[in-house]
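Q: I have a protein chain on the screen and do not know how to read it. Where should I begin?

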Amino acid sequence: MTGAASSSLLTNSARLLGSLRSFPNPLASFQSPRPLKTLATAGSILSSRTKETPRSSSPPSSAAAAGAPRFRVLSSMGDAVESFQLSPSSVLKIQKGDITVWSVDGSTDAIVNAANERMLGGGGVDGAIHRAAGPELLAACEEVPEVKPGVRCPTGESRITPAFRLPVSHVIHTVGPIYYSNKQPEVSLSNAYRNSLRLAKGNNIRYIAFPAISCGVYGYPLKEASKVAISTVKEFSDDFKEVHFVLFSDEIYNVWAETARELL
């Protein structure tokens with residue numbers, strides 16, 4: 001090959017190599033995939049969002065099938081509450097809990113205190129309510145006039161005061177009967193509930209909570225007391241949005257719930 005031919009070949013090769021270098025690289029825009037762990041996590045999230053909860057194959061209970069107007073949920077206090085329809089506009093709720101922390105709106109709600117005739121505090125729920133309300137409650141009770149020496153609220157009657165440090169608007173004080181010394185304990189207990197409800201209605205209370213009146217040291221048998229309590233509440237089925245029984249023990253709660261199922 002002559003020198004001129006060799007020079008021409010080298011020149012053409014250089015031009016070809018230059019044109020190849022200027023051609024775009026087809027792999028330059030390729031991006032590596034996300035790590036497999038991230039894709040697996042995303043896939044797991046997608047699966048959990050789209051996975052259906054298996055339906056129960058068991059048949060509905062007889063109460064549900066019959067459309068019974070009651071249900072059991074958790075209250076705001078964390079305790080189970082069983083509800084019963086008193087009327088289209090009123091509900092009875094039975095729950096285990098501390099009545100001193102119960103409230104609905106702080107303006108149209110009240111709790112009932114199982115007081116004594118002096119209205120100066122005592123044991124059980126009476127003492128608990130006075131402690132939670134603060135000394136102002138005792139001072140207000142002292143202002144209630146005596147109907148006879150040492151008696152501000154006779155058995156079966158009711159009185160109302162502000163609630164002070166309690167979360168509700170009012171406290172209704174009522175005195176239940178001492179079971180073994182009262183000649184007509186059923187009448188007296190019914191009057192205690194009835195007069196409390198009348199007093200609440202007259203003071204524009206829409207939500208009211210009761211303890212189990214007379215079921216502590218006053219010795220009223222639970223089953224008998226629950227029948228009187230729930231039967232009396234039924235008389236006011238159109239007067240309150242909610243009537244609660246807030247009960248401090250499993251035993252009392254179970255008896256009240258059982259009686260409500262029987263009567264409602």
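The dialogue below goes through the fold, one helix, the cores and a pocket.

A: Begin with what kind of model it is: this one is predicted. Then list the elements. The protein chain has eight helices and eight strands.

Q: How much of the protein chain is buried?
A: Of its 264 residues, 39% count as buried. Contacts give another view of the fold. Among those between residues at least 6 apart in sequence, 66% join residues at least 24 apart.

Q: How do I check the length of a helix such as α6?
A: Compare an expected span with the one in the model. The 18 residues of α6, at 1.5 Å a residue, should span 26 Å, and the C-alpha atoms at its ends are 26 Å apart, so the two agree.

Q: Which residues of α6 are buried?
A: A general point helps here. An α-helix has 3.6 residues a turn, so residues three or four places apart point the same way. In α6 the buried residues are Pro185, Ser188, Leu189, Ser190, Ala192, Tyr193, Arg194, Ser196, Leu197 and Ala200. Just after α6, Asn204 takes a positive phi of about 60°.

Q: What makes up the largest nonpolar core?
A: Look for buried nonpolar residues whose side chains are joined by contacts. The largest such core has 35 residues, and those with the most contacts inside it include Leu92, Ile94, Tyr193 and Phe245. Several elements each supply at least two of its residues, among them β2, β3, α6 and β8. The largest share, six residues, comes from α7. A second, separate core has 18 residues, including Ile129, Ala133, Val144 and Ala209.

Q: What does Phe245 touch?
A: To read one residue, list its contacts and leave out its neighbours in sequence. Leaving out residues up to four places away, Phe245 touches Leu92, Lys93, Ile94, Gln95, Tyr193, Phe210, Pro211, Ala229, Ile230, Val233 and Trp256.

Q: How do I describe the largest pocket?
A: Give its volume, then its lining. The largest pocket holds about 530 Å³ of space. Its lining has 26 residues, and Ala114, Gly123, Gly124, Val125 and Asp126 lie nearest the centre. The elements that give two or more residues to this lining are α4 and β8. Of the elements, α4 gives the most, with four residues.

Q: Which classes of residue line the largest pocket?
A: Sort the lining by class and count. There are 15 nonpolar, nine polar and two charged residues.

Key. Residues are numbered from 1 along each chain as its sequence is written. This is a predicted model: local features need pLDDT of at least 70, side-chain atom pairs count only at pLDDT 80 or more; totals for chains, interfaces and linings use all residues. Side-chain values use heavy atoms; hydrogens and water are left out. On a 1 Å grid over the protein atoms alone, a cavity is a set of points where a 1.4 Å probe fits but cannot get out, and a pocket is an open set with protein on both sides within 12 Å along at least five of seven lines; lining residues have an atom within 4 Å of a point. Grid points are joined across faces, edges and corners, and a volume is the space filled by probe spheres set on the points. Ala, Val, Leu, Ile, Met, Phe, Trp, Tyr, Cys and Pro count as nonpolar, Asp, Glu, Lys and Arg as charged, and the others, Gly among them, as polar. A nonpolar core is a set of buried Ala, Val, Leu, Ile, Met, Phe, Trp, Tyr and Cys residues joined through side-chain atoms within 4.5 Å. Buried means under 20% relative accessible area, exposed over 50%, partly exposed in between (1.4 Å probe, protein chains only). Contact means heavy atoms within 4.5 Å. The expected span of a helix is 1.5 Å times one less than its number of residues.
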